[in-house]
Amino acid sequence: MNTKKKTKPGGKLSHVDSKGRIRMVDVSEKQSTRREATAESFVRLSRATMTLISKGGLPKGDALETSRLAGILAAKRTPDLIPLCHPLALTHIEVQAKADPSGVRFVSNVTCFGPTGVEMEALTAVSVAALTLYDMVKAVEKGATIERIRLLAKTGGKSGAYRR
């Protein structure tokens with residue numbers, strides 16, 4: 001098991017000061033650029049639950065639309081949830097819910113024009129969308145599983161583009 005701490009190329013952790021204290025990174029000198037990030041999550045469900053979702057038969061109502069909206073709202077609240085995230089003026093948030101026979105895949109796309117990226121906002125969106133769907137279906141399926149929360153792509157900034 002690798003227990004080494006991951007560091008930036010210069011050998012320093014960006015969220016730790018010279019005395020080892022946790023800090024918010026100063027991005028005031030970074031160039032504002034268009035930033036975009038895409039993330040996904042997957043909620044594995046039984047065919048019976050997927051049938052209820054498709055027919056609008058869940059006791060709590062429209063699970064996919066409620067989950068999408070929750071994801072959008074969560075992206076906007078990311079700095080309230082993740083202690084060292086910068087508040088950003090997000091310019092676009094999209095959360096899609098794609099159902100298939102084995103569950104629901106959420107995909108978020110978040111953009112802004114700013115000094116730091118929106119990966120955490122995209123990841124927060126799909127995480128909360130998945131948690132909301134779990135909440136919506138738990139009365140009919142306690143065994144629902146949230147899987148595969150991950151960043152798919154990001155662009156903008158000095159570190160450049162990333163695609164999974």
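**Exercise 1. Pairing in the sheet**

Work out how E2 and strand E3 (residues 103–114) pair, and over how many bridges.

*Solution.* Keep in mind that this is a predicted model. Start with the two strands themselves: E2 and E3 run antiparallel to each other, and ten bridges join them. For one pair of facing residues, look at Ala-97, which sits opposite Phe-106 in E3. A helix comes in here too: H2 (residues 63–76) packs on the sheet and touches both E2 and E3. The direction of H2 makes about 150 degrees with that of E2.

Now zoom out. The open sheet has five strands, ordered E2-E3-E1-E4-E5, with antiparallel pairing. Strand E2 (90–100) and strand E5 (162–163) are the edge strands; each has a single partner, so one side of each has no neighbour in the sheet.

**Exercise 2. The two cysteines**

Find out how many disulfides the structure holds, and say whether Cys-112 is buried or exposed.

*Solution.* As background, a disulfide is a covalent bond between the sulfur atoms of two cysteines. The count here is zero. Take Cys-85: the nearest cysteine sulfur belongs to Cys-112 and is 12 Å away. A disulfide needs the two sulfurs within 2.5 Å, so Cys-85 is in no disulfide. Cys-112 is in no disulfide either, with the sulfur of Cys-85 as its nearest, 12 Å off.

Next, check burial, where the cut-off is under 20% relative accessible area. Cys-112 comes out at 3%, so it is buried. Cys-85 has 13% and counts as buried as well.

**Exercise 3. The nonpolar core**

Which element gives the most residues to the largest nonpolar core?

*Solution.* First, the general idea: in soluble globular proteins, nonpolar side chains tend to be buried together. The largest core here has 29 residues, and those touching the most other members are Val-43, Leu-45, Ile-53, Val-104, Phe-106, Leu-133 and Val-137. Then list the elements that supply two or more residues: strand E1 (33–44), helix H1 (47–54), H2, E2, E3 and helix H4 (119–137). The top contributor is H4, with nine residues.

To get a feel for one member, pick Ile-53. Setting aside residues up to four places away in sequence, Ile-53 touches Leu-45, Leu-58, Leu-64, Leu-133 and Val-137.

**Exercise 4. The faces of helix H1**

Which residues of H1 are buried, and which exposed residues sit on the face turned away from its buried side?

*Solution.* Begin with the buried set: Thr-49, Met-50 and Ile-53. Looking down the axis of H1, these buried residues fall within an arc of 100 degrees, so they line one face of the helix. Their cover includes H2, E2, E3 and H4. Now flip to the face turned away: Arg-47, Ala-48 and Ser-54 are exposed there. After H1 comes Gly-56, whose phi is positive, near 70 degrees.

**Exercise 5. Two buried hydroxyl residues**

What does Ser-67 touch, and what does Thr-78 touch, beyond four places in sequence?

*Solution.* Ser-67 lies in helix H2 and is buried, at 0% relative accessible area. The contacts of Ser-67 are Phe-106, Ala-129, Thr-132 and Leu-133.

Thr-78 belongs to helix H3 (residues 78–81) and is buried at 0%. Its contacts are Cys-85, Met-120, Glu-121 and Thr-124. Take Glu-121 from that list: in sequence, Thr-78 and Glu-121 are 43 residues apart, yet their C-alpha atoms are 5.7 Å apart in space.

Key
Residues numbered from 1 in each chain as written. Predicted model: local features only at pLDDT ≥ 70, side-chain atom pairs only at ≥ 80, totals over all residues. Heavy atoms only, no water. Pairing = 2+ DSSP bridges. Helix = DSSP H or I, 4+ residues; strand = E, 2+ residues; numbered from the N terminus. Contact = heavy atoms within 4.5 Å. Axes fitted to C-alpha atoms, helices over the stretch in contact; angles between N-to-C directions. Buried < 20%, exposed > 50% of the residue type's maximum accessible area, 1.4 Å probe, protein only. Core = buried A, V, L, I, M, F, W, Y, C linked by side-chain atoms within 4.5 Å. Arc of directions from axis to C-beta.
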